[in-house]
Amino acid sequence: MAKALIMLVRLAAVVSIVLGVLLWSGSQNYLGAHIGSGFFIAGVVFVLSILGILKKAVVPGVVGVILAALLPVVGFKQLPLAYRAFGAVQIIHVLVALAIIGVAESLYGAIRRA
Ligand code: HEM
């Protein structure tokens, strides 16, 4: 179960990063797909976090739940699109997105070891 979930996170992360960069560079056609893949990651990480908490990985589990809630909030704060902007909100968005992937990896490791 955890193995399938982390593979989904990895796949969706690659898709989100590619679509995010395309979006940032001016192709607003990818907005819906990027937001969809972002919500998908948030949902899968939420499930991994609950599994982690059940397997006593409480700290990464709680961090995972917080980041899963924060990612869409920070993502939507970038609207309306201001192409090639690289202000605080864009930097925070990328940091939260990378952090959620890191937490997903550590949750997967903790669940596997448990
Ligand atoms: C619900 C979740 C998400 C929402 C609502 C969202 C929304 C957005 C929006 C609106 C932009 C365009 C910003 C601009 O052009 O100024 C953007 C850019 C970007 N997103 Fe996301 N995103 C989400 C999740 C993710 C995830 C999971 C990743 C990576 C794993 C990601 C990576 C990026 C990158 C690399 C960019 C381009 C750099 C930037 O402008 O910040 N996003 N996102």
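This report describes the ligand shell and two helix pairs in a predicted model.

## Shell around the ligand

The ligand is surrounded by 28 residues, and those that come nearest are G20, W24, G38, G75 and A97. Four elements each give two or more residues to this shell: α1 (2–24), α2 (31–54), α3 (58–76) and α4 (88–113). The largest contribution, seven residues, is from α1.

By residue class, the shell around the ligand holds 20 nonpolar and eight polar residues, and no charged ones.

## Packing of α2 with α3

The axes of α2 and α3 cross at roughly 165 degrees and come within 8 Å. At an angle over 145 degrees, α2 therefore counts as roughly antiparallel to α3. The crossing of these two helices is left-handed.

On the α2 side, the contact is made by I35, G38, F39, A42, V45, F46, L48, S49, G52 and I53, which meet V58, P60, G61, G64, V65, L67, A68, L71, P72 and G75 of α3. The residues of this contact comprise 14 nonpolar and six polar, with no charged residue.

## Packing of α3 with α4

Between α3 and α4 the packing angle is about 150 degrees, and their axes lie 9 Å apart. This pair is therefore also roughly antiparallel, and α3 and α4 cross in a left-handed sense.

From α3, the residues P60, G61, V63, G64, L67, A68, L70, L71, V74 and G75 meet V89, I92, H93, V96, A97, A99, I100, V103, S106, L107 and A110 of α4. Nonpolar residues number 16 in the contact of α3 with α4 and polar residues five, while charged residues are absent.

Terms used
Residues numbered from 1 in each chain as written. Predicted model: local features only at pLDDT ≥ 70, side-chain atom pairs only at ≥ 80, totals over all residues. Near = placed C-beta within 6 Å. Nonpolar A, V, L, I, M, F, W, Y, C, P; charged D, E, K, R; others polar. Axes fitted to C-alpha atoms, helices over the stretch in contact; angles between N-to-C directions. Parallel < 35°, antiparallel > 145°, perpendicular 65-115°, else oblique. Left-handed = near helix turned anticlockwise from the far one by under 90°. Contact = placed C-beta atoms within 7 Å.
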